[in-house]
Amino acid sequence: MDYDQRSEALSGPHWKGDGYSISSDKACPATCRVPAKALNIIWGNDPRFWQWIKLSELETRSVGFDEGARLLQVNWIEVTGKLPTAMFNVASTTKYEVYYVMKFQVDAFGWHSVPIKFKVRLNGQETVKNFVLESYKEKHDVWHEICGGEFTVSKNAAGVVEFGMFEVKSEWWKGSVVLAGIKIRPKEG
């Protein structure tokens with residue numbers, strides 16, 4: 001992202017992901033890590049709703065991210081990202097899963113009322129999963145990997161995989177979670 005784009009990103013209320021901090025996981029090179037700052041977050045640049053926080057050294061070792069986006073409160077949640085399929089460099093057709101790395105704080109609220117919609121789209125094919133995240137709140141201050149969908153990449157396939165987490169239809173406020181980032185890894189079994 002050049003200086004003008006970053007300037008624009010910092011001046012509006014919505015966070016525009018930088019895209020430069022995406023990396024492979026050292027422990028598992030087939031896993032792609034997309035930190036929160038590489039994602040587009042509606043209202044993510046407004047400190048009334050989201051704050052950027054540094055994760056502890058222990059958390060960084062545990063989840064593979066050193067920073068996170070703390071959701072204070074919103075009633076419109078929209079977090080999206082995209083990657084070129086060339087990043088996956090597969091030798092054969094491989095199915096991947098998209099995991100949102102999140103921690104619900106002790107005072108998390110609003111996750112019981114409305115399902116969160118997770119979407120994954122690759123070359124026009126879209127899958128959607130809807131589920132209520134209240135059960136994750138029971139283990140507060142623990143990092144969860146929440147599966148938001150899957151997609152398949154073929155050898156030498158061109159295209160872009162897009163992914164997102166949404167809840168834009170209700171008036172329920174949601175808050176008190178930390179999003180460290182997204183992990184995309186081959187589906188087991």
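Visitor: Which residues have the most contacts inside the largest nonpolar core?
Guide: In this predicted model, those are Phe-88, Phe-151, Phe-163 and Ile-184. The core has 40 residues.

Visitor: And which elements give two or more residues to it?
Guide: They are β2 (32-35), β5 (67-71), β6 (77-84), β7 (94-109), β8 (116-122), β10 (143-153), β11 (160-167) and β12 (175-186).

Visitor: OK, which one gives the most?
Guide: That's β7, with six residues.

Visitor: Is there some general idea behind a core like that?
Guide: In soluble globular proteins, nonpolar side chains tend to be buried together.

Visitor: Back to Phe-151. What does Phe-151 touch?
Guide: Leaving out residues up to four places away in sequence, Phe-151 touches Phe-88, Thr-94, Lys-95, Tyr-96, Val-98, Val-120, Leu-122, Val-161 and Ile-184.

Visitor: What about the second core, which residues are in there?
Guide: This separate core has eight residues, including Leu-55, Val-63, Phe-65 and Val-101.

Visitor: Switching to rings. How many aromatic pairs does the structure hold?
Guide: Ten. One of them is Tyr-96 with Phe-151, a stacked pair with 5.5 Å centre to centre and 15° between the planes.

Visitor: Which parts does that pair tie together?
Guide: Tyr-96 lies in strand β7 and Phe-151 in strand β10, so the pair links parts that are 55 residues apart in sequence.

Visitor: Are those two buried or exposed?
Guide: Both Tyr-96 and Phe-151 are buried.

Visitor: Got another stacked pair for me?
Guide: Sure, Phe-118 and Phe-131 are stacked, at 5.1 Å centre to centre with 25° between the planes. Phe-118 is in strand β8 and Phe-131 in strand β9, so this pair joins parts 13 residues apart in sequence.

Visitor: Why does Phe-118 count as buried or exposed?
Guide: Phe-118 is buried because its relative accessible area is 0%, and buried means under 20%.

Visitor: Which residues do ring pairs link into a cluster?
Guide: Trp-43, Phe-49 and Trp-173.

Visitor: Where do charged side chains come in?
Guide: Lys-37 has its charged end over the ring of Trp-52, 5.1 Å from the centre. Arg-185 lies over the face of Tyr-99, 4.1 Å from the ring centre.

Visitor: New topic: where is Asn-130 found?
Guide: Asn-130 is in strand β9 (residues 125-131). Asn-130 is partly exposed, with a relative accessible area of 48%.

Visitor: What does Asn-130 touch?
Guide: Not counting residues up to four places away in sequence, Asn-130 touches Pro-115, Ile-116 and Lys-117.

Visitor: And what separates the C-alpha atoms of Asn-130 and Phe-166?
Guide: A distance of 9.4 Å, with the two residues 36 apart along the chain.

Notes. Residues are numbered from 1 along each chain as its sequence is written. This is a predicted model: local features need pLDDT of at least 70, side-chain atom pairs count only at pLDDT 80 or more; totals for chains, interfaces and linings use all residues. Side-chain values use heavy atoms; hydrogens and water are left out. A nonpolar core is a set of buried Ala, Val, Leu, Ile, Met, Phe, Trp, Tyr and Cys residues joined through side-chain atoms within 4.5 Å. Buried means under 20% relative accessible area, exposed over 50%, partly exposed in between (1.4 Å probe, protein chains only). Helices (H or I, at least four residues) and strands (E, at least two) are DSSP runs, numbered from the N terminus. Contact means heavy atoms within 4.5 Å. Rings of Phe, Tyr and Trp (its six-membered ring) pair if their centres lie within 6.5 Å; planes under 30 degrees apart count as stacked, over 60 as edge-to-face and the rest as tilted. A charge sits over a ring if NZ of Lys or CZ of Arg is within 6 Å of the ring centre and within 35 degrees of the ring normal.
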